[in-house]
Each structure stands twice: as C-alpha cells, then as structure tokens.
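Hi there,

Here is the structure I promised to pass on to you. Have a look at it first, and then read my notes below.

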Amino acid sequence: MFTSRKIKYFISTPFGYITPKNKEMKDKSISDIYGEYKDFGYWMVMLNPRKSKGSLTSGKWMLFVEHKDLDNCLEVLLNGIDSGVFHNIKCSIPNENNPHNVPGVTAIMVYTDDYSDTQDVVRVLKYLMENGLNYGKDIEYKADYQTRQGKYDGGRGESWLYSSKDFQF
C-alpha cells in the first residue's frame, strides 16, 4: 500500500532519523508501520526527494485524521505526491512518549514550499478538499516559522495564516 517508486520514507525519533528501505514498506498497512515504530517514532515523513526543496518559507496544511480514516487518507496523499500536487507529508505516529500524540487521531502535515505563494497554497488546499480530506471540518495552514516560534493553539485560538473557510471553490 505505501510503496511508490518516487517516495522516500523517514521515521523521525528523538535521536534522529531512521530511513527504512521502500521494499521494507511494501504491502504494509499504517497499523503495521505504527506497530514497528510506536515505542520511539514521532513522525513518519514521506517525500519525493527529486521535488522536495525544504526551505525557510515552507508551510503546511494541518489535517487531524481519525484512525478509522487513516489508510484512505494516506492513499490519497501518496497519490498527490506521486502526481506532483505536493512534495512531502509528515504523519504523526501514536506513541505515548510523543508530545504531539492525541489518542485516536493522527496529525498529518501537507507541505508547500512557500507560505506566501497563495496560488500554490490554494492549489494544494483544493486537492485536499476535492478528495474529502477535510472530513467536514475547516483545516488550517501554518508557516513553519510559526512552528519554530512555538506557536501552537491546541484548538484555543488562531495560530495559523490561512483557513479553508477563507477560500471558495
């Protein structure tokens, strides 16, 4: 399910990154992957290394997906990477030691290269919305500089630049 010729996988841990080989990911479900990394993994990063730039201007649409919807959501997102709609995503791994863990929910960040390129930001949002990945809720976009500054809202206020409710399709 999670194999692609274009996608590279990384597992983020408190100690650095682990890089499983694509063949190790072949035919694994997200449950299998979580089971392998649940004791020490924080995030699973999936990217197209030929396209992903990584920059100081990057930002992300923040999805919070219930575990029952996760396999379908990731399949749609991996198709988005394969087709070049966006270049990388980051998916939280349920781990009681992970400070970002929310029971029953997986946080998925869908990245763009430049938060000020609203045309690109909206193009990625449109893909997410057209594929139902908002699950009937508004989704927010945050620049990475905001994360580096420690701006997290936990549902209490606005620590983002854009919201899906700001755009009409």
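What follows is a short tour of the cores, one helix and one loop.

This is a predicted model, where local features need pLDDT of at least 70 and side-chain atom pairs count only at pLDDT 80 or more, while totals for chains, interfaces and linings use all residues. Residues are numbered from 1 along each chain as its sequence is written, and side-chain values use heavy atoms, with hydrogens and water left out.

Let's start with the largest nonpolar core (buried Ala, Val, Leu, Ile, Met, Phe, Trp, Tyr and Cys residues joined through side-chain atoms within 4.5 Å). It has 25 residues, and Trp61, Leu63, Leu77, Phe86, Ile108, Val110 and Leu128 touch the most other members. Helix H3 (70-82) gives the largest share, seven residues. Helices (H or I, at least four residues) and strands (E, at least two) are DSSP runs, numbered from the N terminus.

Which residues of H3 are buried (under 20% relative accessible area, 1.4 Å probe, protein chains only)? They are Leu70, Cys73, Leu74, Val76, Leu77, Leu78, Gly80 and Ile81. Beyond its neighbours within four places in sequence, Leu77 is in contact (heavy atoms within 4.5 Å) with Leu63, Phe86, Ile89, Ile108, Val110, Leu128 and Leu133. Just after H3, Gly84 takes a positive phi of about 85°.

A second, separate core of five residues includes Trp43, Met62, Met109 and Tyr111.

Finally, find Tyr135 in the loop between H4 and strand E7 (140-143). Tyr135 has a positive phi of about 50°, although it is not a glycine.

Best wishes

Key. Buried means under 20% relative accessible area, exposed over 50%, partly exposed in between (1.4 Å probe, protein chains only).
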